[in-house]
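The exercises below are to be worked with the sequence and the three-dimensional model in view. Each task is followed by a solution in steps.

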Amino acid sequence: MIIAVDGPVAAGKGTLARSLARELRLAYLDTGSIYRAVGAKILEAGQDPGDPVAARSVAEFLVPGDLERPDLRRESVGLAASTVAVNTQVRAALLEFQRDFAKNPPDLSDGPAAGAVLDGRDIGTVVCPDADLKFFVTATPEARAERRHKELIERGDESIYARVLQDLKDRDARDSQRVTAPLKPAEDAVYLDTSTVEAGKVLETALDVIRSRGL
Ligand code: CDP
């Protein structure tokens, strides 16, 4: 079974995808961490995330350990990620790894996985267009900014709500307007609005949809 979870910044994709993975014994891939790893390595090298040559060479030589970097969730890294993600060659370099994960999911700690769940921006449209089920998770910009702001504060990072809201809008615009694999719902995606719905309820709704499809 392959489940695609797409949506804009801080909509609750990761929370839903992780819970689905646990409930359904699926291997989970946070594809945002791949773009974040490219962004982080470029910043670390003092290069410009908008430089296509630098971004492409980092993407081509990414190793699995890069996805474990402790700085991936920083706001600066998220912004750099959305800049490198515009680059068509960067996206092409990262596509095969994602497709391979979906088709041949790694074992879980206690045995084989029953499939995979991937979250990102283009999973249902480009990476896994044949996924068994596609969710598009959304929420208002204000609800998403509130969540991200809280997450940053809890982690001990400095955060200003108005700045987080602006960064999120900039990132959404860049993700939606890019030419290659823009953020957009797949035609057959099921919408889940999480603005005023707590995570447990979102999971329940998603599981109901999965059961109702006989998956
Ligand atoms: O967690 P958050 O919603 O802030 O972002 P993320 O999922 O970690 O993704 C970081 C950035 O990577 C996004 O703003 C996108 O520009 C890019 N990305 C993408 O282009 N395609 C994906 N499948 C996943 C992420």
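## Exercise 1: Salt bridges within helices

Being three residues apart in helix 7 (residues 141-154), E151 and R148 are separated by about one helical turn. The model is a predicted one.

**Task.** Describe the salt bridge between E151 and R148, and state whether each residue is buried or exposed to some degree.

**Solution.**
1. The side chains of the two residues, E151 and R148, form a salt bridge with an N to O distance of 3.3 Å.
2. Buried means under 20% relative accessible area, exposed over 50%, and partly exposed in between.
3. R148 has a relative accessible area of 7%, so R148 is buried.
4. E151 has a relative accessible area of 29%, and therefore E151 is partly exposed.

**Task.** Carry out the analysis for K201 and E204.

**Solution.**
1. K201 and E204 are both located in helix 9 (residues 199-212), where a spacing of three residues amounts to about one turn of the helix.
2. Their side chains, those of K201 and E204, meet in a salt bridge at 3.4 Å, N to O.
3. K201 is partly exposed because its relative accessible area is 42%.
4. E204, with 45%, is likewise partly exposed.

## Exercise 2: Further salt bridges

**Task.** Determine how many salt bridges the structure holds, and identify which residues E44 is linked with in a network.

**Solution.**
1. The structure contains 16 salt bridges.
2. E44 is linked with R69 and D71 in a network of salt bridges.
3. D175 and R178 also form a salt bridge, in which the closest N and O atoms are 3.5 Å apart.
4. Both partners of this pair, D175 and R178, are buried.

## Exercise 3: The ligand

**Task.** Establish which residues come nearest to the ligand and which polar side-chain contacts can be given distances.

**Solution.**
1. There are 19 residues around the ligand, and R36, R91, R148, R171 and D175 come nearest.
2. R148 thus recurs here, having already appeared as the salt-bridge partner of E151.
3. D175 recurs as well, having appeared as the salt-bridge partner of R178.
4. For R36, a polar side-chain atom lies 2.6 Å from an oxygen atom of the ligand.
5. For R178, the distance from a polar side-chain atom to an oxygen atom of the ligand is 3.0 Å.
6. For R73, an N or O atom of the side chain is 3.1 Å from an oxygen atom of the ligand.
7. On its own the ligand has 530 Å² of accessible area, of which the protein covers 97%.

## Exercise 4: Two loop residues

**Task.** Locate V86, classify its accessibility and name the residues it touches beyond four places in sequence.

**Solution.**
1. V86 belongs to the loop between helix 4 (75-84) and helix 5 (88-103).
2. The relative accessibility of V86 is 33%, so V86 counts as partly exposed.
3. With residues up to four places away in sequence left out, V86 touches R174 and R178.
4. V86 and R178 are 92 residues apart along the chain, yet their C-alpha atoms are separated by 5.8 Å.

**Task.** Answer the corresponding questions for A189.

**Solution.**
1. A189 is in the loop between helix 8 (161-177) and strand 5 (190-193).
2. A relative accessibility of 16% means that A189 counts as buried.
3. A189 touches K134 and F136, with residues up to four places away in sequence not counted.
4. A189 and A81 are 108 residues apart in sequence, and their C-alpha atoms lie 25 Å apart in space.

## Exercise 5: The chain as a whole

**Task.** Summarise the secondary structure of the protein chain and decide how compact the chain is.

**Solution.**
1. The protein chain has nine helices and five strands.
2. Read from the N terminus, the elements follow the order β-α-β-α-α-α-α-β-α-β-α-α-β-α.
3. The radius of gyration is 17 Å, close to the 17 Å that the globule rule gives for 215 residues, so the protein chain is as compact as a globular protein of that length.
4. Along the principal axes, the C-alpha atoms fill a box of roughly 50 × 35 × 35 Å.
5. Of the 215 residues in the protein chain, 49% are buried.
6. Among contacts between residues at least 6 apart in sequence, 79% join residues at least 24 apart.
7. The protein chain has an accessible surface of about 10600 Å², and carbon and sulfur atoms account for 52% of that surface.

Note on methods: Residues are numbered from 1 along each chain as its sequence is written. This is a predicted model: local features need pLDDT of at least 70, side-chain atom pairs count only at pLDDT 80 or more; totals for chains, interfaces and linings use all residues. Side-chain values use heavy atoms; hydrogens and water are left out. Buried means under 20% relative accessible area, exposed over 50%, partly exposed in between (1.4 Å probe, protein chains only). Contact means heavy atoms within 4.5 Å. A salt bridge is a side-chain nitrogen of Lys or Arg within 4 Å of a carboxyl oxygen of Asp or Glu. A residue is near a molecule or strand if one of its heavy atoms lies within 4 Å of it. A polar contact is a pair of N or O atoms within 3.5 Å; within protein, one must be able to donate a hydrogen and the other to accept it, and residues adjacent in sequence count only if both atoms are side-chain atoms. Accessible areas come from the Shrake-Rupley method with a 1.4 Å probe; for residues, only the protein chains shown count as cover. The radius of gyration is taken over C-alpha atoms; the globule rule is 2.2 Å times the number of residues to the power 0.38.
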